[in-house]
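User: I would like a close look at a single part of the model below, in connected prose. Please give the cut-off of each term where it comes up.

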Amino acid sequence: MDVMSQLRRQLLEHTAFLRKEGFLDDQFEQLQKLQDENSPDFVVEVVSIFFEDSEKLLNNMAKALEQKIVDFKQVDAHVHQFKGSSASIGAMRVKNVCIEFRNYCEAQNVEECFRCMQKLQYEYVLLKNQLEYLFRVEQQIRAAGG
Amino acid sequence: MVFEKGASSLKSVKAIETGKVAGTNNLATERKFSVLVVDDDAIIRKIHSKLLSKFPVEIQVAVNGKEAVDLYRSGAFFDLVLMDMEMPIMNGFEATKELRALGLKSLIVGVTARSSDSEKKAFMEAGLNDCHAKPLTSEMVKSLLQELNKNN
């Protein structure tokens, strides 16, 4: 199998894996469908905004949870935003942790909120690595003339 | 252009006036629909703008309700407004109320992450024509633009 076919197969298999494991849902496919000759880097651009936003939000959540008196409304606002942006790019696992997190914000349970935040950080880093790998393969395909 | 005397030139002028000449039919009436995307989330603005760009529409963006209202006040016109609910400075509810008070009769569609029926209903009270969960799908955008076509 030539390099191009190998790369394309890698891309397909990895995307299928991410869907199967629940990292990504249909919304990610919608983003891929939007990509065209006018915006050949559309998905990477959207995901880059997501990465930037996510890191800010995770930081803000951590700061809010470290306060002596936790403002749960504030924490919830950050989680809500994170839930929205993860849903927008199809980041299903991240989104689901956000949903769980919001329940604990409502219950004003500091310990569980901390646990959720750590889970969120974990899922986010996992997803980021997966997507960066995906984009690297795409780049290789393009470099090889695809 | 020199109009020569004769039946043929008169015919062609008449034809243009009645709009029966191919290619000139819609010149006077055809204009692109103008859509305003109002959202503080850059991801949503990018996705919705891209969805809309697949159609022959003019796209404008506002990052919060106040920007949307200021745009309208400054003379901009929109056939369709996609209005997010939660935004800083002025949220979607307030902005919709304000736009309606200022006389905007166009389609305003709420786009919200808060998708419970009661929350949607509350948002609709501001004067929305409809309310959907975000992000919009391409089918939804298509049907909204088809509705615009019908109304116009």
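Analyst: What follows takes the sheet of chain B and then the side of chain B that touches chain A.

The model is predicted, so local features are described at pLDDT of at least 70 and side-chain atom pairs at pLDDT 80 or more, whereas totals for chains, interfaces and linings use all residues. Residues are numbered from 1 along each chain as written, chains are lettered from A and ligands numbered from 1 in the order written, and side-chain values use heavy atoms, without hydrogens or water.

Chain B holds an open sheet of five strands in the order β2-β1-β3-β4-β5, with parallel pairing. Strands (E, at least two residues) and helices (H or I, at least four) are DSSP runs numbered from the N terminus, and two strands pair if DSSP finds at least two bridges between them. The edges are β2 (57-62) and β5 (130-133) of chain B; each has a single partner strand, so one side of each is left without a neighbour in the sheet. Direction ignored, neighbouring strands are turned by 20 degrees against each other on average.

At the β5 edge, β4 (residues 107-112) of chain B runs parallel to β5(B) and is joined to it by four bridges. Here V109(B) stands opposite D130(B). Helix α5 (residues 117-124) of chain B lies across β3 (80-84), β4 and β5 of chain B, at about 140 degrees to β5(B). Such angles run from 0 to 180 degrees between N-to-C directions, with axes fitted to C-alpha atoms, for helices over the stretch in contact. Beyond β5, P135(B) sits in the loop leading to α6 (138-151) of chain B, and the peptide bond from K134(B) to P135(B) is cis, with omega near 0 degrees. Most peptide bonds are trans.

At the β2 edge, helix α3 (residues 65-73) of chain B lies across β1 (33-38) and β2 of chain B, running at about 130 degrees to β2(B).

Chain A, the partner, has six helices and zero strands. The contact (heavy atoms within 4.5 Å) takes 14 residues from chain B and 20 residues from chain A. Together the chains bury about 1,400 Å², 62% of it on carbon and sulfur atoms; this is accessible area (1.4 Å probe) lost on being put together, summed over both parts. In chain B, the residues losing the most area to chain A are I43(B), K46(B) and K50(B), which together make up 42% of what that side buries.

Three salt bridges are counted between the chains, each a side-chain nitrogen of Lys or Arg within 4 Å of a carboxyl oxygen of Asp or Glu. K54(B) forms a salt bridge with D36(A), their closest N and O atoms being 2.7 Å apart. With seven residues, helix α2 (residues 42-53) of chain B gives the most to the side of chain B that touches chain A. The residues of that side divide into seven nonpolar, one polar and six charged; Ala, Val, Leu, Ile, Met, Phe, Trp, Tyr, Cys and Pro count as nonpolar, Asp, Glu, Lys and Arg as charged, and the others, Gly among them, as polar.

How values were computed. Buried area is the accessible area (1.4 Å probe) that two parts lose on being put together, summed over both.
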